[in-house]
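Me: I should like to go through the terms applied to this model and see what each one rests on. Please set the values against the criteria as we proceed.

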Amino acid sequence: MQRRYSWAWLGLVFAAAVQAEVKPNTLCTEGMVLQQKQTVNLWGKADPGEKVTVEFRGMKAAAAADARGDWLVKIPSGDAGGPFPLSIQGSNTIDYKDVYVGEVWICSGQSNMEWTVGSSGPEDLKSATEVPRNPLLRCFKVEKNAQVAPVHDVKGSWVVASPEVVKTFTSAGYFFGRHLQANLKVPVGLISTNWGGTRAEAWTSKATLEKFPVYKNDLSPVEKAQANTASALYNGMIYPILNYGIKGAIWYQGESNAGKAYQYRELFPTMITNWREDFKQGDFPFYFVQLAPFTPVKKDPGESNWAELREAQFMTLKLKNTGMAVITDLGSEYDIHPTPKQPVGERLALAARALTYGQRIEYSGPTPAGLKIEGNKAILSFDHASGGLIAKELVPTMGRKNKQGVEGFAWRVKEGTGAKLTGFTIAGVDKKFHHASAEIVGNTVVVHSEQVAEPLHVRYGWADHPLANLFNKEGLPATPFRTDNFPGITQPK
């Protein structure tokens, strides 16, 4: 007897067949880089109860999809190398041929991390596009996605670094990854998840922010999340990647929190801790970029919310497995996105090479270690100065124009030594800071001013746009700092 099937019934059969196909998460697709020497996660969707098997490098592992159709398979990644085939089998089979194993790093923050190679100026562009295609360096760009609640998937794809597409890579992230790959000789995968103009609150989970009364109003219910809605970017751009095996994270953000720099002392380490807890991969390395100089240079010493934000970043180094790239030599009056980005990425990579991978190299510029007063002089000692201290010559250049068409000032440093130290101010009991003379004596800096007979406090680079030129002999700039603890202008906020 001939059977008749209605189109509606056939549609249901077809839909069921489609639904039954195993679908990997977007991160777990062709071209991916898996973190080496880990038991890594591969996950996605399938029919509830469906068995999903992953085969990789001679190993097999399987798991059943739960009642919501979510599956997650754990499998050893092995040592670095590739390309390797990988198969995912359920009711259907998905075969990959281009999977690498190496080091995986998250590249997150606001616009200075989002800033692409193609937008970073001629030096960066030439350096990135005049090298051959490198299959050992890959980037997954997470599509921007602000959400009021956590979501489980992201949009994007793994892309190989090549002259044709590298213009779209995060510039700081690209140069970080390229430096690591060249020195470690293993594949490097970058997960670029960033959004310009965003505050750290947006990248922190609601459960974490709820512990702090100051964020109560930020967490009030909203129908549609915006980029700076509290927790919105955590929900849409961090939560969906929590399963992925990583080595660590690099972070370039802070400009949008400068108005509340005192609060950032607590917020920033809280966000880092939040990520570490939710990734469930231990206290993974977290390296960040200190704010660059910005806005017009001021003639006289004064208070600065950008200096206070830099201080909050420096204080975050108290957290385990953190490091900071100082870029006081890479600012511009009217350009909040200063270039080049190559030294930014490479300084972050120095921290990773030293602190994560155990290479015996200097990775930080001088940091304050002590203050001693002798008569009318203040004597500062420094860590990260065992090779010696130097002053580099400041070279004025012209930067981006402002909205009125006025060309802005920027400065860079020349190689060599012998320049006069700048950037130091000094104060006595009246707490009034004056520009000071400073001289390198051995591994110390001696600071004094004729206007301060009995000094008590010293500041270095304490300005929105500091002109500061203290370096160690490895060529890394000293962090701005102060020895006083006077209430800052952002503390009342």
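**Terms and their grounds**

Reply: Helix α4 passes helix α9 in a right-handed crossing. The model under discussion is a predicted one.

Me: Why are α4 and α9 called oblique to each other?

Reply: The axes of α4 (residues 171-184) and α9 (residues 342-356) cross at roughly 45° and come within 7 Å. An angle under 35 degrees would count as roughly parallel, and 65 to 115 as roughly perpendicular. The crossing angle of roughly 45° meets neither criterion, and α4 and α9 are therefore oblique.

Me: Which residues make the contact of α4 with α9?

Reply: On α4 they are Ala-172, Phe-175, Phe-176, Arg-178, His-179, Leu-180 and Asn-183. On α9 the contact includes Val-344, Gly-345, Leu-348 and Arg-353. By class, the residues of this contact divide into nine nonpolar, four polar and three charged.

Me: What makes α7 roughly parallel to α8?

Reply: Helix α7 (residues 261-279) and helix α8 (residues 305-315) pack at an angle of about 20°, and their axes are 8 Å apart. Angles under 35 degrees count as roughly parallel, so the term applies to α7 and α8. Their crossing is right-handed.

Me: Which residues of α7 take part in the contact with α8, and how is the contact composed by class?

Reply: Ala-261, Tyr-264 and Arg-265 contribute from α7. From α8 come Asn-305, Glu-308, Leu-309, Glu-311, Ala-312, Gln-313 and Met-315. The contact has five nonpolar, two polar and three charged residues.

Me: How many aromatic pairs does the structure hold, and why is the pair of Phe-56 and Phe-84 called edge-to-face?

Reply: The structure holds 24 aromatic pairs. In the pair of Phe-56 and Phe-84, the ring centres are 5.9 Å apart and the planes stand at 90°. Centres within 6.5 Å qualify as a pair, and planes over 60 degrees apart count as edge-to-face; the pair is therefore edge-to-face.

Me: What parts does this pair tie together?

Reply: Phe-56 lies in strand β4 (residues 51-56) and Phe-84 in strand β7 (residues 81-89), so the parts tied together are 28 residues apart in sequence.

Me: How is confidence distributed over the chain?

Reply: The mean pLDDT of the chain is 93, with 96% of its residues at 70 or more. Among the elements, helix α1 (residues 7-20) has the lowest mean pLDDT, 46, and strand β12 (residues 248-252) the highest, 99. Over residues 1-18 the pLDDT is below 50, and this stretch has one contact in the model beyond near neighbours in sequence.

Terms used: Residues are numbered from 1 along each chain as its sequence is written. This is a predicted model: local features need pLDDT of at least 70, side-chain atom pairs count only at pLDDT 80 or more; totals for chains, interfaces and linings use all residues. Side-chain values use heavy atoms; hydrogens and water are left out. Axes are lines fitted to C-alpha atoms, for helices over the stretch in contact, and angles run from 0 to 180 degrees between N-to-C directions. Helices (H or I, at least four residues) and strands (E, at least two) are DSSP runs, numbered from the N terminus. Angles under 35 degrees count as roughly parallel, over 145 as roughly antiparallel, 65 to 115 as roughly perpendicular and the rest as oblique. A crossing is left-handed if the near helix is turned anticlockwise from the far one by less than a right angle, and right-handed if clockwise. Contact means heavy atoms within 4.5 Å. Ala, Val, Leu, Ile, Met, Phe, Trp, Tyr, Cys and Pro count as nonpolar, Asp, Glu, Lys and Arg as charged, and the others, Gly among them, as polar. pLDDT is the predictor's confidence in each residue, from 0 to 100. Rings of Phe, Tyr and Trp (its six-membered ring) pair if their centres lie within 6.5 Å; planes under 30 degrees apart count as stacked, over 60 as edge-to-face and the rest as tilted.
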